[in-house]
Amino acid sequence: MGDMTKFNSAIEYYIFNVLLMCLLISEIFIFFYTRSKQNRTEKIDTRDLGTKWLLYLNFVFCLIISFLCVSQKAPFYIRKLTLPAYFAKIGMLIIAVGICIRIKAVLTLKKAFTLNVQISKEQQLITNGMYKFVRHPAYTGSILSLLGVSIALKNIPAIVMVAICSFVCYQIRINVEEAVLQKYFKEYKLYKEKTYKLFPYIY
């Protein structure tokens, strides 16, 4: 995928494509991993409000816009707004870190992690591992991965659009999710006061 001429070498190009495939495979894994567990749990509250589909759309939009802004179909004034070549390596590192954070976060929550916003009878509030510092590390991983793709392609308009769209969409999702969690877990308010939403010491 992508244009080899956008990278410093063939190795960078192939590494980028491997990471992109890993990103897609990880999302497919999470989909089936959560789907199998979701069907075996008894739900007491489901209040997704369509945010699952919002995140799906954001994922697809961010990937499309990242490639579209560097394609020949994009206006020249958009294609020429690029970062220095070494940002390709930085972007690929961010993709890898994002994938690892998301997978680790999902595996930490185990059956408590769902793509829908819902609460099950046996669910407990997880506050260990990454969740000791950040309330939504799985979303942190997604945002980093999507930003990493646009950074690896070095297009500034794409980076800005991906960043804005991702933060808006995930903020909407977090608002819905935290309203449900705060309703069912009395300790959640104190947990919010001690942790960061997405990025430690930042936000």
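**Close-ups of a predicted model**

**View 1. Cys100, out at the surface.** With 53% relative accessibility, Cys100 counts as exposed, because the cut-off for that label is over 50%. Keep in mind that this is a predicted model. How many disulfides does the count come to? Zero. Cys22 is in no disulfide, and the nearest cysteine sulfur to it, at 9.2 Å, belongs to Cys100. Turn it around and Cys100 is in no disulfide either, with the sulfur of Cys22 as its nearest cysteine sulfur, 9.2 Å away. A disulfide would need the two sulfur atoms within 2.5 Å, so at 9.2 Å this pair doesn't make the cut. As for cover, Cys22 has 37% relative accessibility and therefore counts as partly exposed.

**View 2. A nonpolar patch on the surface.** Leu81, Ile156, Val160, Ile164, Val168 and Ile172 together make a nonpolar surface patch of about 470 Å². One of these, Ile172, sits in helix H6, which covers residues 156–184. Is Ile172 buried or partly exposed? Its relative accessibility is 38%, so it goes down as partly exposed. On spacing, an α-helix has 3.6 residues a turn, so residues three or four places apart point the same way.

**View 3. Helix H2, end to end.** H2 takes in residues 51–68, 18 residues in all. From first C-alpha to last, H2 reaches 25 Å, close to the 26 Å expected at 1.5 Å a residue. Which residues of H2 are buried? They are Thr51, Lys52, Leu55, Asn58, Phe59, Cys62, Leu63, Ile65 and Ser66.

Methods: Residues numbered from 1 in each chain as written. Predicted model: local features only at pLDDT ≥ 70, side-chain atom pairs only at ≥ 80, totals over all residues. Heavy atoms only, no water. Patch = residues over 30% accessible without salt bridge, like charges linked within 9 Å, V, L, I, M, F, W, Y side chains within 5 Å. Areas by Shrake-Rupley, 256 points an atom, 1.4 Å probe, with all protein chains shown as cover. Salt bridge = Lys/Arg side-chain N within 4 Å of Asp/Glu carboxyl O. Helix = DSSP H or I, 4+ residues; strand = E, 2+ residues; numbered from the N terminus. Buried < 20%, exposed > 50% of the residue type's maximum accessible area, 1.4 Å probe, protein only. Expected span 1.5 Å × (residues − 1).
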